[in-house]
Amino acid sequence: MRPIEKIKSAEMIRGALLAELSAGTWKEKMPGTRVLAKSLGVSAPTVHEAMEQLVREGHLLSGGPRRAFRVNPHASTGRKSKNTILRRELLILSHEDISMLIDSSRQLIETLMRSMLSKGWSVRHQVVDYVHAKYPLKRWDQQIRVEAGTKVIALYGNQTLATWALRKNVAILFLGGNPGSCPVSSIAVLSSRMAEEAIKRLTDLGHKRIVLPLCDRSVSFAHKMRDVTKQCIESNGGQYLPHYHNPGSSYAGPGIIRGILSKVFDMKPPTALILLDWKELVAAHCFLAEKNIRVPEDISLVMLSDVTGAEWFHPALCRFRFPLKKINTLMVNWLHGRSRTELRHLLSGTWVQGGTMGPAPADETTTPRSR
């Protein structure tokens, strides 16, 4: 299998700046690199590299050190006129930089960007913190630059962002997340289905003290995951304790995962951990190593996602693989569609058997104390 070729951030920024130049956003002088970097959610050196590329292509004129870049009045940037056909534009929204996304999401976005750029689309990316917003914010109207004909794909969108998009008449697709009751198109790999399968596999091996932390997750997502965990635990004769089986936090971070694990181990050491992504797995594995807890002899580990370097994990990691090719095809089909007809694709991950899951230890019959 050929590795996925990564797109340099400067290449994406170049496309975004060229789109603005084509639209006539800047007439003579370009904004400073720091101003553009803050607006685009990238570093100033990355913006400078993109602008230097536009200079080499003849779209900009360099003013030299500490001087502003200027628009080349003789360049053919394809600026809009009354007879110009609107250029197809894709805006990708995420709550954090692409480099910080989980591996599967980053692969999907990079593949999509390359595909659409090769088809002549203008592709932009913006970082907007909509994940924690409880209602649409007025600043989004200026912050999220959406022109006529622009299509938007948002990672981990929620009902708040869906409400804003509908009010602004924006064609938007959620990649992950949940639009709630809003008629917004979405493609998602259901974590609840993967969690249900993982818990069933663990309970078949005798596990009852199964912990699935829920850090920095939406209310609706956490509620669904708790329902699934509760049903699975109780159907196997166990007592479900939310603060034990699904400990949560409004924020994520290595220190938070460590704190959660310390608390549940004080109650009763779990025999199985189910983790939602690679960062949680790293924090949890470091915690277990410090406590000399063996995998899978003392505790089983399952991750509800995948990562390129998972094969380096020893023993082999039990995890789920996402249908990335199918998701990419669905996104491309939506982008080329002429209608905004709502679509909902709820997909499942494929179980990847590894060596991090084993039978429950002999003392599994005892249950954690309630509080």
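A residue is called buried under 20% relative accessible area, exposed over 50% and partly exposed in between (1.4 Å probe, protein chains only). Strands (E, at least two residues) and helices (H or I, at least four) are DSSP runs numbered from the N terminus. The model is predicted: local features need pLDDT of at least 70, side-chain atom pairs count only at pLDDT 80 or more, and totals for chains, interfaces and linings use all residues. Residues are numbered from 1 along each chain as its sequence is written, and side-chain values use heavy atoms, with hydrogens and water left out.

**Exercise 1.** Determine how strand β4 is enclosed and how it is connected to β3.

*Solution.*
1. Strand β4 spans residues 122–127, and five of its six residues are buried, so the strand is largely enclosed by the rest of the structure.
2. Strand β3 (residues 89–94) pairs with β4 in the parallel sense over six bridges; pairing requires at least two bridges found by DSSP.
3. Within this pair, V123 of β4 lies opposite L90.
4. Helix α4 (residues 103–118) joins β3 and β4 in a right-handed β-α-β unit. Right-handed means that, with the strands pointing away from the viewer, the path from the first strand over the helix to the second runs clockwise.

**Exercise 2.** Identify the strands that pair with β6 and describe its burial.

*Solution.*
1. Six of the seven residues of β6 (residues 171–177) are buried, so this strand is largely enclosed by the rest of the structure.
2. With β5 (residues 151–157), β6 forms six bridges in the parallel sense; G157 has G177 of β6 as its bridge partner.
3. Helix α6 (residues 159–167) completes a right-handed β-α-β unit with β5 and β6.
4. Strand β7 (residues 185–189) also pairs with β6 in the parallel sense, over three bridges, and S186 in β7 stands opposite F174.
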